[in-house]
Every structure is written in structure tokens, then in C-alpha cells.
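Work through the exercises below with the model open. Try each task before reading its solution.

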Amino acid sequence: MSRLPIAIVSAMHDELRALLPLLRDPQPVRLAGRDFHQGTVHGQPVVLVLSGIGKVAATTTAALLLHEFQATELVFTGVAGGLRRGVKVGDVVVAEQLLQHDMDASPLFPRFEVPLTGRSRFDVHAGLADALAAASQRCIDDAAALIGSAHLLSFAIETPLVHRGLVVSGDRFVPSVAASDALRQVLPDALAVEMEGAAVAQVCADFGRPFAVLRTISDRADDSAHVDFTRFIDEVASVYTRAIVEDWLQHRVRA
Ligand code: ADE
């Protein structure tokens with residue numbers, strides 16, 4: 001097994017806090033205002049870190065992980081707003097592609113295209129995404145045991161699903177039906193919206209390293225997107241993230 005670490009990047013404090021107890025032999029390193037937690041989880045070398053919110057913070061974090069810590073692959077976890085019909089609060093989205101919805105250098109380049117790359121959509125590593133989707137399915141099949149029926153009920157979560165497809169990112173929380181309708185109109189196949197994934201995708205593409213993005217749907221990117229946001233991360237998303245990451249690493253070590 002390679003002794004170089006897998007990077008697991010959390011968007012929110014509560015998620016990192018949920019993952020840290022899994023870490024054995026922790027060796028923290030502080031760099032660029034970030035605490036990088038090196039160690040092992042089920043024998044697998046990992047480095048856990050909080051990304052910061054938005055594309056620039058995530059870019060800095062990803063570049064440091066790949067260059068300074070020599071991370072062999074990167075998994076980004078967090079929450080997202082559901083865009084496509086049927087992508088509900090409590091579901092999990094495993095990205096297959098990522099796109100920056102606020103990238104627009106038109107008319108010099110087509111809308112959404114990252115100038116001078118010829119690309120608007122960045123593919124995740126299929127094997128990594130498959131493994132995370134399988135772990136997500138195993139975990140949410142037992143969501144009631146994981147989260148507790150009362151918590152699920154309080155967020156109106158009935159039968160959570162795992163979705164795979166396009167996730168879009170931008171430096172903007174999408175807080176209204178008008179804003180999410182506008183995104184659906186220009187990007188009809190987008191499953192979910194968040195604020196970091198496509199930036200990390202571009203950095204990983206530059207370094208030629210595998211990456212994947214795992215998001216729990218916290219809201220429908222509508223006028224009530226902010227309601228219960230913090231409570232959802234604490235009671236649902238961080239519990240999902242810990243369970244999925246642990247299940248994925250356990251299966252990987254056995255494989
Ligand atoms: N992350 C979670 N919900 C979001 C939303 N509505 N917009 C952008 N990022 C999000």
C-alpha cells in the first residue's frame with residue numbers, strides 16, 4: 001500500500017469534526033491558515049482538512065494537498081442544493097462531472113468554458129466515484145439507524161437516494177427559486193449546486209490526480225435554502241459523511 005495519503009477535504013467544520021475521531025496517529029501540520037490532519041484511517045494514510053468556503057479557498061487547499069502533502073487522490077465532501085427534480089433533501093449526490101456555473105468569458109470563449117483549457121466540464125475518476133457511490137448506497141440504505149427516525153422525520157426525509165451526474169459550482173449561495181430556475185434553464189442536467197467542487201476538479205486535472213465529490217443535499221436551492229442549514233449539517237450531513245467515508249475506506253483496505 002502506498003504510504004502517500006489520500007486527501008479528504010470537508011467543506012464544513014461539523015463534517016471535519018465528525019471525521020477526526022477516525023484518525024489514528026494524528027500529526028497536525030498548520031499551513032496557509034489551515035490545519036492539515038495527517039494520520040491513518042483503517043490503516044490507510046490520509047490527510048483531513050477543512051477547505052474553506054468558495055472556489056478560491058478550495059483551490060488553495062487542493063493545491064497544497066497535491067503539492068505539499070503529495071496526496072495521491074482527493075475526495076471532497078460537503079452539502080449541496082438540489083437542482084434537478086427528484087434530488088431531495090437527505091439524498092446523496094456523487095458527481096460524475098463538475099462545471100463552474102459562474103465562469104463566463106463570453107464572447108471570447110463559450111459560456112462556462114474555462115479559458116484556454118477548451119473545457120467546461122471536468123470528469124471525476126470513475127473508479128473512485130463508483131466506490132463512493134457504493135459506500136453511500138450501503139450507508140443510506142440504513143439511514144434510519146444512522147440518523148435516527150426522529151431526525152429524518154424533522155427534515156421530512158423519507159427514502160433517501162444516491163444520484164450521479166453533473167454538479168455545478170460557483171461563488172454564490174443559491175438562495176431562491178428564481179436563482180435556481182435560472183441555473184436549471186441554462187444547465188438542465190445539473191443535479192446539484194455547491195461552491196467548491198468544480199474548482200477542486202480543475203486543480204486535480206492540472207495535477208493529473210484522481211478526485212471525486214460527494215455531497216449531501218441540504219436544501220432545494222430555493223427561498224428556504226438557509227432554514228435549518230446548520231442543524232442539517234450537524235444532525236444529518238456530518239453523520240452521513242463519516243459513515244460513508246469510513247465504509248469506503250474499510251472496503252478499500254479489504255479490496
Ligand atoms: N450548498 C448547500 N446548499 C447550497 C446552495 N443552495 N447554494 C450553493 N451552495 C450550497
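**Exercise 1. Identify which residues line the second largest pocket, then give its volume and the make-up of its lining.**

Solution. The model is predicted.
- Step 1: The lining consists of Val89, Phe155, Ser218, Asp219, Arg220, Asp222, Ser224, Ala225, Val227, Asp228 and Phe232.
- Step 2: Sort these residues by class. Five are nonpolar, two are polar and four are charged.
- Step 3: The volume of the second largest pocket is about 160 Å³.

**Exercise 2. Classify the aromatic pair formed by Phe155 and Phe232, and decide whether each residue is buried or exposed.**

Solution.
- Step 1: The structure holds three aromatic pairs. In one of them, Phe155 and Phe232 sit 5.2 Å apart, centre to centre, with 90° between the planes.
- Step 2: Planes over 60 degrees apart count as edge-to-face, so the pair of Phe155 and Phe232 is edge-to-face.
- Step 3: Place the partners in the chain. Phe155 lies in the loop between α5 (149–154) and β8 (162–169), and Phe232 lies in helix α8 (residues 229–254). The pair links distant parts of the chain, 77 residues apart.
- Step 4: Apply the cut-off for burial, under 20% relative accessible area. Phe155 has 11%, so Phe155 is buried. Phe232 has 1%, so Phe232 is buried too.

**Exercise 3. Do the same for Phe173 and Phe229.**

Solution.
- Step 1: The ring centres of Phe173 and Phe229 are 5.6 Å apart, and their planes make 90°. This pair is edge-to-face.
- Step 2: Phe173 belongs to the loop between β8 and α6 (177–186), while Phe229 belongs to helix α8. They are 56 residues apart, and the pair links distant parts of the chain.
- Step 3: Phe173 has a relative accessible area of 34%, so Phe173 is partly exposed. Phe229 has 19%, so Phe229 counts as buried.

**Exercise 4. Describe the largest pocket: its volume, its lining and the elements that contribute.**

Solution.
- Step 1: The volume of the largest pocket is about 220 Å³.
- Step 2: Its lining has 18 residues. Nearest the centre lie Val79, Phe173, Glu194, Met195 and Phe229.
- Step 3: Two or more lining residues come from each of β5 (73–82), β9 (190–194) and β10 (211–219).
- Step 4: By class, the lining of the largest pocket has 11 nonpolar, two polar and five charged residues.

**Exercise 5. How many disulfides are there, and are Cys139 and Cys204 buried or exposed?**

Solution.
- Step 1: A disulfide requires two cysteine sulfur atoms within 2.5 Å. The count is zero disulfides.
- Step 2: Cys139 is buried at 9% relative accessibility. Cys204 is buried at 1%.

Conventions. Residues are numbered from 1 along each chain as its sequence is written. This is a predicted model: local features need pLDDT of at least 70, side-chain atom pairs count only at pLDDT 80 or more; totals for chains, interfaces and linings use all residues. Side-chain values use heavy atoms; hydrogens and water are left out. Rings of Phe, Tyr and Trp (its six-membered ring) pair if their centres lie within 6.5 Å; planes under 30 degrees apart count as stacked, over 60 as edge-to-face and the rest as tilted. Helices (H or I, at least four residues) and strands (E, at least two) are DSSP runs, numbered from the N terminus. Buried means under 20% relative accessible area, exposed over 50%, partly exposed in between (1.4 Å probe, protein chains only). On a 1 Å grid over the protein atoms alone, a cavity is a set of points where a 1.4 Å probe fits but cannot get out, and a pocket is an open set with protein on both sides within 12 Å along at least five of seven lines; lining residues have an atom within 4 Å of a point. Grid points are joined across faces, edges and corners, and a volume is the space filled by probe spheres set on the points. Ala, Val, Leu, Ile, Met, Phe, Trp, Tyr, Cys and Pro count as nonpolar, Asp, Glu, Lys and Arg as charged, and the others, Gly among them, as polar.
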